[in-house]
Amino acid sequence: VRVIIEQNLIRSLKDEIPDTDAFITNRPGILLMVKTADCQPIFLYDPVRKVCGIVHSGWRGTIQNVVGETISAMTQSFDSRAADILVAVGPSLGPCHSEFLEREKDFQGFEPYFIENSRVDLLAITRNQLLEVEIRPDHMEFSDICTVCRRDEYFSFRGDKPDQGRFASVMGVFG
């Protein structure tokens, strides 16, 4: 999780901030962006403190609770309260296509989220992680659009062979 307080950190399309899956800021006019294609783009906004965050949550980030870490960073850095934070989860890999062949190894401790033989409900994991950090249920929105099912409208790392691209999710605070 990276706190962004300076503008123009990224100056070209080739620039990236390595080893970072989430960004938060309270500075108006700074746009935060993550690129995804099956991973969960998670938007966070605290309207009381005027703080926003954006998260790239792949399956590894999901099991490492990157969304919980991001909310923790918002509370520590900007005095946000979880009860104030609004959350939206964009299109991502749905439980219908979340097949992992080494499910028992990769998702040890997440057995309640296993579906049938080899699928894991990543969205349910995220929903419960949000509840665990006391995000209000009425402050959560999940698009429930599977990027594999909707390859006609979204990039899908799993569904597009060869890999065709990513879509950008952007968040900012204004005013």
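Select Pro 41 and His 56: Pro 41 stands opposite His 56 in β5. The model in the viewer is a predicted one.

Next, widen the selection to the strands around this pair. Strand β4 covers residues 40-46, and β5 runs over 51-57. The two pair in the antiparallel sense, with seven bridges between them. Follow the chain from β4 into β5 and you trace a hairpin with four residues between the strands. Stop in the turn at Lys 50, which has a positive phi of about 55°.

Now add strand β6, residues 86-89. β4 pairs with β6 as well, again in the antiparallel sense, over four bridges. To find the register here, select Phe 43, which stands opposite Ala 88 in β6.

With β4 still selected, switch on a surface. Is the strand mostly covered or mostly open? Strand β4 is mostly covered, five of its seven residues being buried.

Return to His 56 and look for the second largest pocket, whose volume is about 510 Å³. Its lining has 23 residues; the closest to the pocket centre are Cys 39, His 56, Gly 58, Trp 59 and Phe 157.

Colour the lining by element. β3 (31-36), β5 (51-57) and α1 (59-63) each supply at least two lining residues. Which element gives the most to the lining? That is α1, with four residues.

Finally, colour the lining of the second largest pocket by residue class: seven residues are nonpolar, nine polar and seven charged.

Notes:
Residues are numbered from 1 along each chain as its sequence is written. This is a predicted model: local features need pLDDT of at least 70, side-chain atom pairs count only at pLDDT 80 or more; totals for chains, interfaces and linings use all residues. Side-chain values use heavy atoms; hydrogens and water are left out. On a 1 Å grid over the protein atoms alone, a cavity is a set of points where a 1.4 Å probe fits but cannot get out, and a pocket is an open set with protein on both sides within 12 Å along at least five of seven lines; lining residues have an atom within 4 Å of a point. Grid points are joined across faces, edges and corners, and a volume is the space filled by probe spheres set on the points. Ala, Val, Leu, Ile, Met, Phe, Trp, Tyr, Cys and Pro count as nonpolar, Asp, Glu, Lys and Arg as charged, and the others, Gly among them, as polar. Buried means under 20% relative accessible area, exposed over 50%, partly exposed in between (1.4 Å probe, protein chains only). Two strands pair if DSSP finds at least two bridges between them.
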